[in-house]
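User: Please take a close look at how the interior of this model is packed, and at the backbone features around it. I'd enjoy one connected tour.

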Amino acid sequence: QVQVHESGGGSVQTGGSLRLSCTAAGKTDNRSHYCLTWFRQAPGKESVGVASMSTPGNTYYPGEVRDRFTISQDNAKNTVYLQMDRLQPWDTAMYYCAAAVETYCTGNFRPERYDYWGQGTQVTVSS
């Protein structure tokens with residue numbers, strides 16, 4: 001059982017920044033790791049991945065957020081962060097952190113690959 005919790009969302013103006021945090025807690029073995037990936041879902045649209053990491057330490061972003069979003073992690077805290085800069089109105093969405101427990105993280109953006117999800121944190125960017 002893995003529990004995932006996100007925080008840090010809010011309302012900002014175009015060009016502003018937010019830093020989201022995601023913490024995972026649960027039992028893993030010595031050969032497994034939390035693989036934490038950020039998704040977002042705008043009203044009426046499908047959930048899409050926005051930031052992920054592979055083992056060891058490669059990062060992946062879709063083109064619409066690349067160079068504006070940065071994912072990082074603190075392994076000691078079982079936490080990942082999503083730094084979002086130069087936010088635009090189309091970034092408005094519910095942001096979710098999803099976790100998988102794997103030997104190696106592949107950084108994939110397929111939601112069905114992740115077994116545990118947080119409750120989401122809302123990000124709203126006004127024009």
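Analyst: Happy to! Buried here means under 20% relative accessible area, exposed over 50%, and partly exposed in between (1.4 Å probe, protein chains only). The model is predicted, so local features need pLDDT of at least 70 and side-chain atom pairs pLDDT 80 or more, while totals for chains, interfaces and linings use all residues. Numbering starts at 1 along each chain as its sequence is written, and side-chain values use heavy atoms, without hydrogens or water.

Let's start with the packing. The largest nonpolar core (buried Ala, Val, Leu, Ile, Met, Phe, Trp, Tyr and Cys joined through side-chain atoms within 4.5 Å) has 27 residues. Leu 36, Trp 38, Phe 69, Leu 82, Met 84 and Tyr 95 have the most contacts inside this core. Eight strands (DSSP E runs of at least two residues, numbered from the N terminus) each supply at least two residues of the core: strand 1 (2-7), strand 3 (18-26), strand 4, strand 5, strand 7, strand 8, strand 9 (93-102) and strand 11. A second core, separate from the largest one, has six residues, including Phe 39, Ala 98, Ala 100 and Cys 105.

Tyr 95 is a good place to see how these parts meet. Setting aside neighbours within four places in sequence, Tyr 95 is in contact (heavy atoms within 4.5 Å) with Phe 69, Leu 82 and Met 84, among others, and these three are on the list of residues with the most contacts inside the largest core. The partners of Tyr 95 also include Glu 6, Leu 20, Val 50, Gly 120 and Val 123. Phe 39 and Arg 40 are further partners of Tyr 95, and Phe 39 belongs to the second core.

Thr 121 is another partner of Tyr 95, so let's follow the chain there. Thr 121 sits in strand 11, which spans residues 121-126, and is buried because its relative accessible area is 10%. Its side chain makes a polar contact (N or O atoms within 3.5 Å, within protein one able to donate a hydrogen and the other to accept it, residues adjacent in sequence counting only if both atoms are side-chain atoms), reaching the backbone nitrogen of Gly 9 at 3.0 Å. Beyond its neighbours within four places in sequence, Thr 121 touches Glu 6, Ser 7, Gly 8 and Gly 9 in one part of the sequence, Leu 20 in another, and Ala 93, Met 94 and Tyr 95 in a third.

Gln 41 shares two of those partners: Ala 93 and Met 94 are in contact with Gln 41 as well as with Thr 121. Gln 41 lies in strand 4 and counts as partly exposed because its relative accessibility is 32%. Once neighbours within four places are left out, the contacts of Gln 41 also include Glu 46, Ser 47 and Tyr 96. A polar atom of the Gln 41 side chain lies 2.9 Å from the backbone oxygen of Lys 45. Gln 41 and Thr 92 are 51 residues apart along the chain, yet 8.6 Å separates their C-alpha atoms.

Over in strand 5 you will find Ser 54, buried because its relative accessibility is 9%. Leaving out neighbours within four places in sequence, Ser 54 is in contact with Tyr 60, Cys 105, Thr 106 and Gly 107, and Cys 105 is one of the residues of the second core.

What is the geometry of the peptide bond from Thr 55 to Pro 56, cis or trans? The bond is cis, with omega near 5 degrees. Pro 56 lies in the loop that links strand 5 to strand 6 (58-60).

Two further backbone features sit in loops. Most residues other than glycine have a negative phi, and most peptide bonds are trans. Asn 78, in the loop between strand 7 and strand 8, has a positive phi near 50 degrees, though not a glycine. At a relative accessibility of 32%, Asn 78 is partly exposed. Arg 86, in the loop between strand 8 and strand 9, likewise has a positive phi, of about 50 degrees, without being a glycine. Its relative accessibility is 44%, so Arg 86 too is partly exposed.

Methods
Helix = DSSP H or I, 4+ residues; strand = E, 2+ residues; numbered from the N terminus.
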